[in-house]
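Here are some notes for a colleague who is opening this entry for the first time. Please read them with the sequence and the model side by side.

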Amino acid sequence: MKIGEIFKISLFQFSKYNRLLLAKKTKVFIYLVLLALIMLLGVAVRVSPLYFTYSSIEKFVEKECPEFAITDGKLTCKPYLFDEPSANLYIEIAPDKTGEGELPKGYSQAMVITSTDMVIRNNFRVQRESFKDIKDFSKNTIVNFFNKYEKKLIAGLAILLFFVFLIRLAFNALIYAFIAFVANIIFVHANLKYGDVYKLTVFGGTFAVLFNVVVSFFNISIIAQLAPFITLFYVIKGMYSCRGEDGIVIETLDTPADINNGNDDFL
């Protein structure tokens with residue numbers, strides 16, 4: 001069975017989900033790779049407007065980053081204050097002060113920077129840093145760094161994100177497959193092994209992945225949390241198509257051409 005056909009069946013042809021059971025392990029892995037690439041493409045599309053606006057990270061830093069320098073353990077820059085209670089975010093840069101600044105109460109995300117120290121609160125975690133422990137650097141240091149390593153950093157980040165997405169998809173499929181396997185035992189009653197349910201879960205996550213990519217453009221995290229339920233809905237619907245009236249798994253293909261499609265051709 002070709003990847004394109006698997007994609008089409010996974011997306012909206014519940015009645016043909018029984019055919020997905022014929023996919024080999026290598027095809028399941030290739031499909032996981034495809035889904036991870038779709039997620040990576042979604043990230044690339046989201047950040048591309050910003051990247052094309054400045055044409056490079058180097059120019060973005062050069063234009064948007066304020067002038068600053070840390071020399072001999074002291075920060076020099078212009079004062080800055082961002083106070084947004086509705087977003088639970090507070091940022092204060094006070095180069096005219098010394099020592100550790102006091103974090104304001106009532107903010108889950110807060111950062112106070114003086115000429116000598118930096119204090120950051122991230123929810124319940126507080127991190128402190130003294131500039132005397134940091135080597136001298138400035139805005140020009142960052143600009144020069146991206147000028148030299150930008151392409152390697154982008155490539156490395158893309159590879160890292162790809163593997164993070166791939167591992168997350170495979171791990172989540174294990175969990176969702178277990179839930180679906182229990183559901184199968186309780187009320188679906190299809191003659192499926194856990195490995196079969198895992199296959200259906202990988203393929204059944206197609207719409208959820210596309211859904212998450214689209215929703216991410218609108219930054220609506222609550223809707224994105226529906227993805228696991230969408231996957232489970234697809235898997236359970238698919239399991240019903242994998243059984244006859246007596247609960248026996250249907251694995252019979254209709255034509256010799258369909259049998260040939262059970263091979264591992266990628267296209």
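1. Ala-110 stands opposite Arg-121 in β6. The strands concerned are β5, residues 109-114, and β6, residues 117-122, and they pair in the antiparallel sense over 5 bridges. Please keep in mind throughout that this is a predicted model.

2. How many strands does the open sheet have, and in what order? There are 5, arranged as β3-β4-β5-β6-β7, and the pairing is mixed. At the edges lie β3 and β7 (125-130), each of which pairs on one side only. From one strand to the next, the twist averages 10 degrees.

3. The loop between β3 (80-84) and β4 (89-94) contains Asn-88. Although Asn-88 is not a glycine, its phi is positive, at about 55 degrees. Is Asn-88 buried or exposed? Its relative accessible area is 32%, so Asn-88 is partly exposed, the class between the limits of 20% and 50%.

4. Helix α4 covers residues 139-188 and deserves a look along its length. A straight helix of 50 residues would span 74 Å at 1.5 Å a residue, whereas the end C-alpha atoms of α4 are only 61 Å apart. Where does α4 bend? The bend is at Tyr-149 and amounts to about 70 degrees.

5. The residue that follows α4 is His-189. His-189 is found in the loop that leads from α4 to α5 (194-204). Like the asparagine in point 3, which is not a glycine and has a positive phi, His-189 is a non-glycine residue with a positive phi, here about 65 degrees. The relative accessibility of His-189 is 47%, so this residue counts as partly exposed.

6. Beyond that loop, consider how α5 packs with helix α8, residues 227-241. The two axes are 9 Å apart and the packing angle is about 130 degrees. Why is α5 described as oblique to α8? The angle of about 130 degrees falls outside the roughly perpendicular range of 65 to 115 degrees and is not over 145, the limit for roughly antiparallel, so the pair is classed as oblique. The crossing of α5 and α8 is right-handed.

7. For a second pass through the model, three places can be revisited. These are the bend of α4 at Tyr-149, the positive phi of Asn-88 and the positive phi of His-189.

Key
Residues are numbered from 1 along each chain as its sequence is written. This is a predicted model: local features need pLDDT of at least 70, side-chain atom pairs count only at pLDDT 80 or more; totals for chains, interfaces and linings use all residues. Side-chain values use heavy atoms; hydrogens and water are left out. Helices (H or I, at least four residues) and strands (E, at least two) are DSSP runs, numbered from the N terminus. Buried means under 20% relative accessible area, exposed over 50%, partly exposed in between (1.4 Å probe, protein chains only). The expected span of a helix is 1.5 Å times one less than its number of residues. The bend at a residue is the angle between axes fitted to the seven residues ending there and the seven starting there. Two strands pair if DSSP finds at least two bridges between them. Axes are lines fitted to C-alpha atoms, for helices over the stretch in contact, and angles run from 0 to 180 degrees between N-to-C directions. Angles under 35 degrees count as roughly parallel, over 145 as roughly antiparallel, 65 to 115 as roughly perpendicular and the rest as oblique. A crossing is left-handed if the near helix is turned anticlockwise from the far one by less than a right angle, and right-handed if clockwise.
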